[in-house]
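Let's take a friendly walk through this model together, looking at charged contacts and then at a nonpolar part of the surface.

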Amino acid sequence: PAVRRLLLGLLALALLGAALWLPGMVREVDMGTGYLAKQMCSCVFVGERSVDSCRGDMLPAMDAIELEALAQGIRAFLPLLAERTAHYEEGFGCTLAP
């Protein structure tokens, strides 16, 4: 019985920790995907460089974020967590989609 209570207590603490940690992590991932989408869009469409060339300029912490080149923009995403898209418009540059 004592071991079972200990395990249940540890499980409750782990769930509480995850509940407190997850919203902050999701917010940071959303900011990271937005940053990467915007920077990569500007590099590719304004700077007229390749996606591979631009990717090398990004921080190593951004390596986990996946990219998709679109006809007039860049989509950056981490599956199930966050997704942001930056669109290029001639004369205005790249802007993040809402």
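Is Asp57 buried, partly exposed or exposed? With a relative accessible area of 48%, Asp57 is partly exposed. Please keep in mind that we are looking at a predicted model.

Asp57 has a charged partner: a salt bridge joins it to Arg49, and their closest N and O atoms are 2.7 Å apart. Arg49 is partly exposed as well, at a relative accessible area of 33%. Both residues count as partly exposed because that class lies between the buried limit of under 20% and the exposed limit of over 50%.

Now move along the chain to Glu68. Its side chain meets that of Arg75 in a salt bridge, at 2.7 Å from N to O. Arg75 also forms a salt bridge with Glu83, where the closest N and O atoms lie 2.9 Å apart. Glu68, Arg75 and Glu83 are thus linked in a network of salt bridges. On the acidic side of this network, Glu68 is partly exposed at 33% relative accessibility, and Glu83 is partly exposed at 45%. The full count for the model is 4 salt bridges.

Finally, turn to the nonpolar part of the surface. Val3, Leu6, Leu7, Leu10, Leu13, Leu16 and Leu20 form a nonpolar patch there, with about 750 Å² of accessible area together. One of these residues, Leu20, sits in helix 1, which covers residues 2-46. Leu20 has a relative accessible area of 65%, so it counts as exposed, the cut-off being over 50%.

Note on methods:
Residues numbered from 1 in each chain as written. Predicted model: local features only at pLDDT ≥ 70, side-chain atom pairs only at ≥ 80, totals over all residues. Heavy atoms only, no water. Buried < 20%, exposed > 50% of the residue type's maximum accessible area, 1.4 Å probe, protein only. Patch = residues over 30% accessible without salt bridge, like charges linked within 9 Å, V, L, I, M, F, W, Y side chains within 5 Å. Areas by Shrake-Rupley, 256 points an atom, 1.4 Å probe, with all protein chains shown as cover. Helix = DSSP H or I, 4+ residues; strand = E, 2+ residues; numbered from the N terminus.
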